[in-house]
Amino acid sequence: MRTFLSAVLIALVALLVPASAVAYWADHELGHADRYTAAMSPLATDPAVQNLVVTQAGRALSGQIDAGPFQGGLDTLLGEALRSFVGTPAYRTAWDAANRAAHAAFFEALTTGHGDAVTIDLAPVIAQVKGDLVGNGVPFADRIPVTHVSVTVMEYDGLGSLRKGFRMLQVAGVWLPLLTVVLAGTAIAVAVRRRRAVLATGLGLAAGAVLLWAAVALCRRLTLDDLPADIDRRAAEAVYDALTAFLRTTAWVVLAVGLAAALAAWLMGRLRRTP
């Protein structure tokens, strides 16, 4: 009976590993403005995201400035200024500010049901570019309106399904990982042969890590396949990978811990048999 109970608990641990990681991620990563901003910050140097920012901001600005016969030259200057700006530290600061502001909208979309997209407001970027152009004496630069130009980096119909479980994941963000650890310890404690239980628990943790990695990969494919045609796929891939980096790192850490525990238990058994 103790062996059977231990086996059942180890199986539960394997299943709870991905659920615990996702719950913790939803509560402490997506639900926290500082961590969300930190996760999105590296995208400031991503070529696909930079190109999306330059294209969308340039398109929006050129349509709001009437420079008459100089329109073509002004559009070129705007494009060059934007491409030059996205490589500066000031752009990375503006990008972080935009993402911090976007977190509130993103969080609202997941909790209240308003909106089906992840967008970035480029107003801080446009304001900085306008200031640089005006300072350099570029004609018509003072006419650039600092409007709220939103760039959509991810949009899909499946956001509604995420909303349904997001609140539940937030509630389980602390208790589910704790429950997983308690069940793993209980599985070892009630086992008749504890060394074998440690080995099996380690393998169970490793199996859970593989399940977590597979779930992240599957959701990535489903999310990107559901994108509208006008969304830049490479930029969306970069955003998804940035937001789920914590889950992939967690999968590798749990896999390493599980395999290390299983290997240690196996080596102890081999050493005990050695005369």
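The following exchange asks why certain descriptions apply to this predicted model.

Author: This is a predicted model, in which local features need pLDDT of at least 70, side-chain atom pairs count only at pLDDT 80 or more, and totals for chains, interfaces and linings use all residues. Residues are numbered from 1 along each chain as its sequence is written, and side-chain values use heavy atoms, with hydrogens and water left out.

Reader: What makes up the protein chain in terms of helices and strands?

Author: The protein chain has 10 helices and 2 strands. These are DSSP runs, numbered from the N terminus: H or I of at least four residues for helices, E of at least two for strands. Along the sequence the pattern is α-α-α-α-α-β-α-β-α-α-α-α.

Reader: Why is N99 called buried?

Author: Buried means under 20% relative accessible area, exposed means over 50%, and partly exposed is in between, with a 1.4 Å probe and protein chains only. N99 has 0% relative accessibility, so N99 counts as buried. Its place is helix α5, residues 89-112. Across the protein chain, buried residues make up 39% of the 275 residues.

Reader: What makes the approach of the N99 side chain to the backbone oxygen of W95 a polar contact?

Author: A polar contact is a pair of N or O atoms within 3.5 Å; within protein, one must be able to donate a hydrogen and the other to accept it, and residues adjacent in sequence count only if both atoms are side-chain atoms. The N99 side chain reaches the backbone oxygen of W95 at 2.9 Å.

Reader: How many aromatic pairs does a search of the whole structure find?

Author: The search finds 2 aromatic pairs. Y24 and F246 form a stacked pair, at 5.7 Å centre to centre and 25 degrees between the planes.

Reader: Why is the pair of Y24 and F246 called stacked?

Author: Rings of Phe, Tyr and Trp (its six-membered ring) pair if their centres lie within 6.5 Å; planes under 30 degrees apart count as stacked, over 60 as edge-to-face and the rest as tilted. The 25 degrees between the planes of Y24 and F246 therefore give a stacked pair. The pair links distant parts of the chain, with Y24 in helix α1 (residues 2-30) and F246 in helix α10 (residues 245-273), 222 residues apart. Y24 is partly exposed at 32%, and F246 is partly exposed at 27%.

Reader: What makes the pair of Y91 and W95 tilted?

Author: Y91 and W95 are 6.2 Å apart centre to centre, with 40 degrees between the planes, and the rest category therefore applies: tilted. Both lie in helix α5, 4 residues apart, about one turn of the helix. Y91 is buried, and so is W95.

Reader: How do you know that the span of α8 agrees with what is expected?

Author: The expected span of a helix is 1.5 Å times one less than its number of residues. For the 32 residues of α8 that should be 46 Å, and the end C-alpha atoms are 46 Å apart, so the span agrees. Buried residues of α8 include A197, G204 and L212.

Reader: Why is L199 called partly exposed?

Author: L199, in helix α8, has a relative accessible area of 21%, so L199 falls in between the two cut-offs. Not counting residues up to four places away in sequence, L199 touches A262, A265 and W266, where contact means heavy atoms within 4.5 Å.

Reader: Why does I231 count as buried?

Author: I231 has 10% relative accessibility, so I231 counts as buried. This residue lies in the loop between α8 (194-225) and α9 (233-243).
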